[in-house]
Every structure is written in C-alpha cells, then in structure tokens.
Amino acid sequence: MTILVTGGAGFIGSNFVLDWLDHSDEAVINLDKLTYAGNLANLVSIERSQQYVFVHGDIGDSALIGRLLAEHQPRAILNFAAESHVDRSIHGPGDFIETNIVGTFHLLEAVRAYWSRLSPDGQRSLRFLHVSTDEVYGSLSKDEPAFTENHRYEPNSPYSASKAASDHLVRAYHHTYGLPVLTTNCSNNYGPYHFPEKLIPLMIVNALAGKPLPVYGDGQQIRDWLYVKDHCSAIRRVLEAGALGETYNIGGWNEKPNLDIVHMVCAILDELKPRADGRAYRAQITYVADRPGHDRRYAIDARKIERELGWKPAETFETGIRKTVQWYLDNPDWTADIQSGAYREWVEKNYTGRTA
Ligand code: NAD
Ligand code: TYD
C-alpha cells in the first residue's frame, strides 16, 4: 500500500512524512514543488528508505499527478501543499490563488479521474484528505465561543480566503461527484522544521542572533497553538476513521496572546542558553506596525474529533515549546542553510520601515 503526500517538504508535511514512516510500513510518495518553504534537508534521514519516493512537481500539473497516480496506485492522497504565510499573501496574493485554489482544483481533477477508473472496492477505500486551517473561519472577539465545524466561513486574508476556496472545492467534489474526501481545519502549529518567517521560529532565531523580536501591534492577538506532531497524529486518525465528506477541527485547547508566547520563548532561552551579557532575551522585544487586517483571535473547539475519533493532543504547550526551543538550539545548521539571500530579502521586505 502507498499514500501520496503533497507539500511533504514543508513544515507540517515533512513532520508528517517522518511520522508516517515511524508508524507504518506503507510507502510514501512525496510530491513537492520546492518553493522557498520546501526543504529536502528535513527529510535526509529517510532519503534512502525503500518506503519513500520524492517527486519534484506542482499540484497544478494534472498530467504529472495522473501519471503518479497510475504508476503508484495510492490508497490515499493527502494535500498539504500550499502557500501558507499570511504576511506573504498580503505582499503578493497571486501565488496563493495559483497554488491553493487553482492547484487544488487540478489535483482534485486528477484524483477524480483516477478514482473513477478504480474497481468498486478501490473506489470505496480511496481517501482524499485535505489539510486546511482554522483561519477560514475568520476572527473571534475575546468572549465568543471557539470555532466549531459549523462556524461559517469568514476568511479575512488572501491566504485564508484561498484556503477557504480550496475547502469549498473539496466539499463540492464530494457532494457533486461522490469523491471520498476528508477535510481537517487545524490551529497554529509549532515544532521542528518550522520556517523562521512564522512567529515562534522567528523569535527563537532572532533572539539567538541578538536581533529585535518584532511584535505586531499590541501583541495581544490570540492564537491556539498545537505541537506539530499532534497535528500529524490527528491527520493519521482522521485518515483511518474519519467519516466521508466530514470536516474535523484540530486544536490544542491552548489559546495564548502572542506576547505571552514571545515571553515564554525568551524565558526558556534565558534558562537553556543565557545571553552572554546576562540580560534577559525579552529586552530584544520591539513593537512594530500591525499586520493589515490582522485577525484578533482564533480558537478551535476540538470536541468533535475527540468524541467521534478519540483523538487528543499528547503535548501541552509547556512541553511542546520546550522541545521546540531545544530543537532549534540543537540544529543551528538547519536554520543557517535557510537564511539565504531569498530569506534576507523577505525579512527586509516585511520588516523594513515597519515602525510602531
Ligand atoms: P509550508 O509553507 O511550510 O510548506 C508548504 C509546502 O508546500 C512546501 O514544501 C512547498 O514547497 C510546497 N508547495 C507549495 N506550492 C506547491 C505546489 N504548487 N505544488 C506542490 N508543492 C507545493 O506550509 P505548512 O506550514 O507545512 O502547512 C502545510 C499545510 O497545512 C498547508 O495547507 C497549510 O494551509 C496548512 N496549515 C498550516 C498551519 C500552520 O500553523 N503552519 C495550520 C493549519 C493548517
Ligand atoms: P504567524 O506565525 O505568521 O501565523 P498566522 O498569521 O497564520 O497566525 O503569526 C502568528 C501571530 O504572530 C500572528 O498574530 C502575527 C504575529 N506575528 C508577530 O507579532 N510578529 C512577527 O514577526 C510574525 C511573523 C507574526
């Protein structure tokens, strides 16, 4: 048996591929375009595994996907591939529309053609699992209840709007054609291999480099954080037992304001790798201009996946964040490799002139 993973060289995808091979004898085909966010260094430990095949390509290339499906006959397709960074979607939404919407459409078409040619048994057992985000639901005020699966879609950024559109396409392919789909909407992830453009890895990397820790606006925006390995276990569980056409919210019951997150990262670094001058890392915090249209609060109600599929996160934020900081301390070469010219250009574009 084989599964096809798209975007498996990115943050969550590569954690998922590594996790999958730890838990299963089934082979993985990893199709990834290797954008700035795709990094094969994440997967060096398995590159010679008989169970693993990497294919460089685009989810929008339906001819390529068609050939891969015919050749490997996967029993499941898991779609992680996406443009995923809100700030980049504000500077340039085009790639988000292209990959997240048009790319998902082409992928769905290729999978539908493959599925329609399978035997009745093959058709029954195939799964298309679409990995999505809580950001499709929009922003909550302080006292509103957390997002359930029935919350209406109110995406506010080009990123979340493009993910919302892809979720709708996946839903429509089930409703219209009967394609056996599952959708997951997860909260903010953190953990190893997280690209240092996102809050937590950026704070760790900048702190260690003695650079400013840029907090947008008042730093009181709330996110619901989940350790990436818990996201991976939830996806495995949904693939195994999820009901066709259903969506499952995945979260860590772990809402925290950004400033608290930054303070926690600083406190762990103070303990594990104190600054040479003896001062606290939080002295590096700098308030900068807010993100346009910044969503104030996300919170996931993860009762459905717990009730129906028996899934719960294994890590608390305290255990997960400590593992994460330790991973960055143990893997400075991974970060150094990423901080190429292209990364420096992004930092300049996003942060220069962003005065509070
Ligand atoms: P990421 O940006 O780290 O990785 C995305 C991967 O997709 C990269 O390897 C990239 O090369 C690849 N890719 C991009 N365009 C492609 C294309 N057209 N064809 C093939 N591959 C392509 O993203 P991530 O944080 O790992 O997120 C993975 C998925 O999970 C995304 O769909 C995202 O929307 C969703 N998600 C992320 C979070 C989070 O906190 N990071 C939370 C919930 C859901
Ligand atoms: P991010 O990691 O980009 O994830 P998302 O926007 O998908 O939730 O950002 C998490 C939060 O941290 C978000 O409220 C924006 C904020 N943030 C900062 O305050 N400073 C930064 O430099 C970055 C990248 C994010």
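Visitor: What makes the pairing of ligand 2 with a polar backbone atom of Pro214 a polar contact?

Guide: In this predicted model, a nitrogen atom of ligand 2 is 2.7 Å from a polar backbone atom of Pro214. A polar contact is a pair of N or O atoms within 3.5 Å, so this pair qualifies.

Visitor: Which side chains have an N or O atom paired with an oxygen atom of ligand 2?

Guide: Arg223 has a side-chain N or O atom 2.8 Å from an oxygen atom of ligand 2. For His294, a polar side-chain atom lies 2.7 Å from an oxygen atom of this ligand. Both values fall within 3.5 Å, and the pairs therefore count as polar contacts.

Visitor: How many residues surround ligand 2, and which are the closest?

Guide: Ligand 2 is surrounded by 18 residues, and the closest are Glu135, Pro214, Arg291, His294 and Tyr351.

Visitor: How many residues surround ligand 1, and which are the closest?

Guide: Around ligand 1 there are 28 residues, with Ile12, Asp32, Ser84, Tyr159 and Lys163 the closest.

Visitor: Why does the backbone of Val131 count as having a polar contact with ligand 1?

Guide: A backbone N or O atom of Val131 is placed 3.4 Å from an oxygen atom of ligand 1. The limit is 3.5 Å, so the pair is accepted. Two further backbone contacts involve oxygen atoms of ligand 1: one with Ile12 at 2.7 Å, and one with Thr35 at 3.0 Å.

Visitor: Why are helix 4 and helix 6 called roughly parallel?

Guide: Helix 4 (residues 94-116) packs against helix 6 (residues 158-177) at about 15°, the axes being 8 Å apart. Angles under 35 degrees count as roughly parallel, and the two helices are therefore given that description. Their crossing is right-handed. Residues in the contact include Phe96, Phe105 and Trp115 of helix 4, together with Tyr159, Leu169 and Tyr177 of helix 6. By class, this contact has 12 nonpolar, 4 polar and 3 charged residues.

Visitor: What makes helix 7 oblique to helix 9?

Guide: Helix 7 and helix 9 (residues 258-272) pack at about 40°, and their axes are 10 Å apart. Roughly parallel requires an angle under 35 degrees, and roughly perpendicular requires 65 to 115; the angle fits neither, so helix 7 is oblique to helix 9. The crossing is right-handed.

Visitor: Which residues of helix 7 and helix 9 meet?

Guide: Leu199, Ile200, Met203, Ile204, Ala207 and Leu208 of helix 7 face Asn258, Ile261, Val262, Val265 and Leu269 of helix 9. This contact holds 10 nonpolar residues, 1 polar residue and no charged ones.

Visitor: How do you know that helix 7 is oblique to helix 11?

Guide: The axes of helix 7 (residues 199-208) and helix 11 (residues 317-330) come within 11 Å and cross at roughly 50°. That angle lies outside the range under 35 degrees and outside the range 65 to 115, and helix 7 is therefore oblique to helix 11. The handedness of the crossing is right-handed.

Visitor: Which residues of helix 7 meet helix 11?

Guide: On helix 7 they are Ile200, Pro201, Ile204, Val205 and Leu208. Their partners in helix 11 include Phe317, Thr324 and Tyr328. By class, the contact of helix 7 with helix 11 has 10 nonpolar, 1 polar and no charged residues.

Note on methods
Residues are numbered from 1 along each chain as its sequence is written. Chains are lettered from A and ligands numbered from 1 in the order in which they are written. This is a predicted model: local features need pLDDT of at least 70, side-chain atom pairs count only at pLDDT 80 or more; totals for chains, interfaces and linings use all residues. Side-chain values use heavy atoms; hydrogens and water are left out. Axes are lines fitted to C-alpha atoms, for helices over the stretch in contact, and angles run from 0 to 180 degrees between N-to-C directions. Helices (H or I, at least four residues) and strands (E, at least two) are DSSP runs, numbered from the N terminus. Angles under 35 degrees count as roughly parallel, over 145 as roughly antiparallel, 65 to 115 as roughly perpendicular and the rest as oblique. A crossing is left-handed if the near helix is turned anticlockwise from the far one by less than a right angle, and right-handed if clockwise. Contact means heavy atoms within 4.5 Å. Ala, Val, Leu, Ile, Met, Phe, Trp, Tyr, Cys and Pro count as nonpolar, Asp, Glu, Lys and Arg as charged, and the others, Gly among them, as polar. A residue is near a molecule or strand if one of its heavy atoms lies within 4 Å of it. A polar contact is a pair of N or O atoms within 3.5 Å; within protein, one must be able to donate a hydrogen and the other to accept it, and residues adjacent in sequence count only if both atoms are side-chain atoms.
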